[in-house]
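Thank you all for coming; I would like to take a few minutes to walk through one model with you. Please have the sequence and the structure open while I talk.

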Protein chains: 2
Amino acid sequence: MRADARKNRDHLLAIARSTVLEQGAQASLRDIARRAEVGLGTLYRHFPTREALLEALLRADFDTLACRADELAQAGDPARSLVTWLHEAIAVTHGFSGAIALMVAAIADEGSALHASCVTLRAAGTRLLRRAQEDGVARRDIDGNDLFALISALAWLADQPPLVPRADHLFDVIADAILPGRPGTPHAGGAPGGSAVQPR
Amino acid sequence: MRADARKNRDHLLAIARSTVLEQGAQASLRDIARRAEVGLGTLYRHFPTREALLEALLRADFDTLACRADELAQAGDPARSLVTWLHEAIAVTHGFSGAIALMVAAIADEGSALHASCVTLRAAGTRLLRRAQEDGVARRDIDGNDLFALISALAWLADQPPLVPRADHLFDVIADAILPGRPGTPHAGGAPGGSAVQPR
DNA sequence: TTGAAAACCGGAGCACTGCTCCGAATTAAA
DNA sequence: TTTAATTCGGAGCAGTGCTCCGGTTTTCAA
């Protein structure tokens, strides 16, 4: 790759990152090119599709996440490892609003630029889930696809501004659903007909 | 309202319904007007914003849903009632892909055309949830907002084509999370270190 | 150093979008 | 039938994604 091309590419990526963080995954590509002080053609040559651009932005994070899964799979409590990883997985896509839908679409579309990254991510999650299941702490009727879907749903939720205040709490609720064998608080509540004390 | 106006309005609604079912909530308004064989100005006069149009499409369903909640709150097992209603709530938005995000945005925006409908919907869910909590079968640390968020997340999930096959199953998982006191199957699995039989 | 091919750049241009605005046509009341 | 209020339809504006190609820059062999 020619020196000027490499420079343009890198600069474009940096500008794209900040623009997407600011405006979401559906930011205007023309606008990104303008901010990068580069022709529209240049942007499209380096990243033929919007997906390709997002792929470049997310790939590194995804790979890191896959490594983290292996790291967490080595040491410590399986349930705790899984929960920690789920948190990190959701945090990665946070701020890239709109990217989650593309991710979900990509995992079913082998032609997509994001496909490989998503498959890697799902595999990493599956490993952690399996370990927790073998430990008897996670539901047995869930597989890697389900986990991927739940992560997506939680990430989507965390990107809807009105739902943000609820996101952490709902994460716990769903984590409880995945890990019913985990030592935790019994949430069901007292006897039927008991006092109807509302939390919060 | 003048006779020709009423006729145009009704026709526009019918065409909009089928178009949105076919193309999602972000269907081109120009296209809807074209299909209805009506000028673009006519569409915009009847429905000044895309939200107003969707509101008109969804309002009846939402009201029905609110009534259903009251109906279900009268008779039968609280847990069963809640689950049934959740199913119906998610079914309503199914097919209107993209509408869920607008709904979520609308509940925080009092100026939105969808706002009132969403608030009604949330209130209906809250009533059913409260009853289940008083019955000691639902988690006590969840409120109407949480329920609304979970419904949204499940509806979103059910509208992502690659996740559709998982949607029903994940509904059950999350229902279990909301209703841990419900008579059901123990999903946690056997003893630690036991056989690692994968379902499916 | 020079020359020319290969690689890259930028933006004009096309078809589309949401949305506004206003002259022309239609309706309903006087 | 006249007349005034309502409604109609689409031209027009600014934005979008994406393609295409003439001109410029870099690279490297001669």
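Let me begin with a definition, namely that a residue counts as buried when its relative accessible area is under 20%, taken over the protein chains only. What we are looking at is a predicted model, and I will start inside chain A before turning to the DNA. A:A106 sits in helix α6 of chain A, which covers residues 99–107, and because its relative accessible area is 0%, A:A106 is buried. If we leave aside the neighbours within four places in sequence, the residues in contact with A:A106 are A:S112, A:L114, A:H115 and A:C118. There is also A:E51 to mention, since its C-alpha atom is separated by 8.9 Å from that of A:A106, although the two residues are 55 residues apart along the chain.

The next point concerns a pair of helices from the two chains. As a general matter, two packed helices are described by the angle between their axes and the distance between the axes. Here the pair is helix α9 of chain A, residues 164–178, and helix α8 of chain B, residues 144–158, whose axes come within 11 Å and cross at roughly 70°. Angles of 65 to 115 degrees count as roughly perpendicular, and so α9(A) is roughly perpendicular to α8(B). On the side of α9(A) the contact is made by A:R166, A:H169, A:L170 and A:I174, and on the side of α8(B) by B:N145, B:D146, B:A149 and B:L150. Sorted by class, the residues of this contact are 4 nonpolar, 2 polar and 2 charged.

Now to the DNA, beginning with strand C. There are 23 residues around DNA strand C, and those that come nearest are A:R2, A:N8, A:G41, A:R45 and B:L40. Of the atoms of DNA strand C within 4 Å of the protein, 60% belong to sugar or phosphate, the rest being base atoms. Among the contacts with phosphate oxygens of this strand, a polar backbone atom of A:G39 lies at 3.1 Å, a side-chain N or O atom of A:H46 at 3.5 Å, and a side-chain N or O atom of B:Y44 at 3.3 Å. The elements that give two or more residues to this surface are α1 and α3 of chain A, together with α1, α2 and α3 of chain B, and the largest share, 5 residues, comes from α3(A).

What, then, are the residues that come nearest to DNA strand D? They are A:L40, B:R2, B:N8, B:G41 and B:R45, out of 23 residues around the strand. For DNA strand D, 61% of the atoms within 4 Å of the protein belong to sugar or phosphate. A polar side-chain atom of B:R2 lies 2.5 Å from a base oxygen of DNA strand D, while a side-chain N or O atom of A:R2 is 3.3 Å from a base oxygen of that strand. A:Y44, by contrast, places a polar side-chain atom 3.3 Å from a phosphate oxygen. The surface near DNA strand D has 8 nonpolar, 6 polar and 9 charged residues, and α3(B) gives the most to it, with 5 residues.

Let me end within that helix. B:T42 is placed in α3 of chain B, and its relative accessible area is 17%, so B:T42 is buried. Apart from neighbours within four places in sequence, B:T42 is in contact with B:N8 and B:L12.

How values were computed: Residues numbered from 1 in each chain as written. Chains lettered and ligands numbered in written order. Predicted model: local features only at pLDDT ≥ 70, side-chain atom pairs only at ≥ 80, totals over all residues. Heavy atoms only, no water. Near = heavy atom within 4 Å. Polar contact = N/O pair within 3.5 Å; in protein donor to acceptor, adjacent residues only side chain to side chain. Helix = DSSP H or I, 4+ residues; strand = E, 2+ residues; numbered from the N terminus. Nonpolar A, V, L, I, M, F, W, Y, C, P; charged D, E, K, R; others polar. Buried < 20%, exposed > 50% of the residue type's maximum accessible area, 1.4 Å probe, protein only. Contact = heavy atoms within 4.5 Å. Axes fitted to C-alpha atoms, helices over the stretch in contact; angles between N-to-C directions. Parallel < 35°, antiparallel > 145°, perpendicular 65-115°, else oblique.
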